[in-house]
Amino acid sequence: MVGKKVIITGVPGVGKTTVVNEALKKLKQEGIEYQAINFGTFMFDVAKTENIVQDRDQMRTMDRTVQKRLQQHAAQAIAKISGNVLIDTHASVKTLKGYLPGLPEWVLREIMPDLIVLVETDDDQILIRRLSDETRSRDKEGSKVIGEHQQFNRAIAASYAMLTGCTIKIVTNADFLLDRAADDMAAVLR
Ligand code: AP5
């Protein structure tokens, strides 16, 4: 079955998983189904088996060559999934050596997305969400640095569109406006 391949991105803690889950609930009521998968989980399952890291937040600190190998492995596995697929991942990953493209050319060639969604909100709101989420080891950084990461993600998303011809949609997930974000997300997934 030919389906849509949609990539969802956003800096850690912006709420991409939350928005995706709400949007999928709305679409399900209309009989539209997507298989939601998390790119980081595909990478982490291999990293765990190889005993490289203990938790998913440590993956950003792995050697670049290891991160790239796990990216490629994840992309190849995900490419085999048919139907409508929604891939929760990162436009760029903040590593110890700078921004690593989340979707380098060899990953894009495997997945060939129809659409890339950038989930964004105010830098301060992301900072507060990270500080409130005790289940994860988020990077300790201020709102200015979070803003730089969001800007970088827009720039690199443009290059992904150039390589694949996919469209880019920006969805704002503001405090108290989750439902609006889910509506915006659902609209591009129909
Ligand atoms: P992953 O697990 O995807 O990391 P993440 O970005 O931290 O994802 P989360 O799911 O934790 O954050 P989120 O933005 O979805 O926010 P959430 O919905 O939880 O990836 C893990 C690792 O895998 C990466 O660090 C990287 O190392 C690796 N990786 C992944 N893809 C890769 C790639 N392509 N290449 C290389 N490496 C890759 O929400 C956060 C909080 O905000 C929650 O408490 C929520 O309740 C709250 N919230 C959400 N929306 C709202 C709202 N509207 N108002 C108020 N609060 C809200």
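How far is a nitrogen atom of the ligand from an N or O atom in the side chain of Q71? In this predicted model, the distance between the two atoms is 2.8 Å.

**View 1. Polar groups of the protein beside the ligand, with Q71, T18 and G102 shown.** The side chain of Q71 places an N or O atom 2.8 Å from a nitrogen atom of the ligand, and the side chain of T18 has an N or O atom that is 2.6 Å from an oxygen atom of the ligand. At G102 the partner belongs to the backbone, where an N or O atom lies 2.8 Å from a nitrogen atom of the ligand. If the ligand is taken alone, 1100 Å² of its surface is exposed, and the protein buries 85% of that area.

**View 2. The ligand in its pocket and the residues of the shell around it.** The pocket in which the ligand sits is the largest one. Two elements each give two or more residues to the shell around the ligand, namely helix 1, which covers residues 16–29, and helix 2, which covers residues 39–49. There are 27 residues around the ligand, and those that come nearest are K16, T17, T18, R136 and R138. When the residues of this shell are divided by character, nine are nonpolar, eleven are polar and seven are charged.

**View 3. Helix 1 and the loop that follows, with Q29 and E30.** Q29 lies in helix 1, and because its relative accessibility is 72%, this residue counts as exposed. The C-alpha atom of Q29 is separated by 37 Å from that of A47, although the two residues are 18 positions apart along the chain. E30 is found in the loop between helix 1 and strand 2, the strand that covers residues 35–38. With a relative accessibility of 44%, E30 falls between the limits of 20% and 50%, so this residue counts as partly exposed. From E30 to T17 there are 13 residues along the chain, and their C-alpha atoms are separated by 20 Å.

**View 4. F44 in helix 2.** Is F44, a residue of helix 2, buried or exposed? F44 counts as buried, because its relative accessibility of 10% is under the limit of 20%. F44 and A77 are 33 residues apart in sequence, and in space their C-alpha atoms are 13 Å apart.

**View 5. Two residues with a positive phi, N51 and M112.** N51 is not a glycine, and yet its phi is positive, at about 60°. This residue belongs to the loop between helix 2 and helix 3, the latter covering residues 64–79, and N51 is exposed, with a relative accessible area of 60%. M112, likewise a residue other than glycine, has a positive phi near 45°. The place of M112 is the loop that lies between helix 4, residues 105–111, and strand 6, residues 115–120, and with a relative accessible area of 43% M112 is partly exposed.

**View 6. E134 in the loop between helix 5 and helix 6.** Helix 5 covers residues 123–132 and helix 6 covers residues 143–164, and E134 lies in the loop between them. E134 is exposed because its relative accessible area of 78% is over the limit of 50%. Although E134 and T17 are 117 residues apart along the chain, their C-alpha atoms are separated by 16 Å, and T17 is one of the residues that come nearest to the ligand.

Definitions and conventions
Residues numbered from 1 in each chain as written. Predicted model: local features only at pLDDT ≥ 70, side-chain atom pairs only at ≥ 80, totals over all residues. Heavy atoms only, no water. Near = heavy atom within 4 Å. Polar contact = N/O pair within 3.5 Å; in protein donor to acceptor, adjacent residues only side chain to side chain. Areas by Shrake-Rupley, 256 points an atom, 1.4 Å probe, with all protein chains shown as cover. 1 Å grid on protein atoms, 1.4 Å probe; cavity = no way out; pocket = protein on both sides within 12 Å on 5 of 7 lines; lining within 4 Å. Sits in = over half its atoms within 2 Å of the grid points. Helix = DSSP H or I, 4+ residues; strand = E, 2+ residues; numbered from the N terminus. Nonpolar A, V, L, I, M, F, W, Y, C, P; charged D, E, K, R; others polar. Buried < 20%, exposed > 50% of the residue type's maximum accessible area, 1.4 Å probe, protein only.
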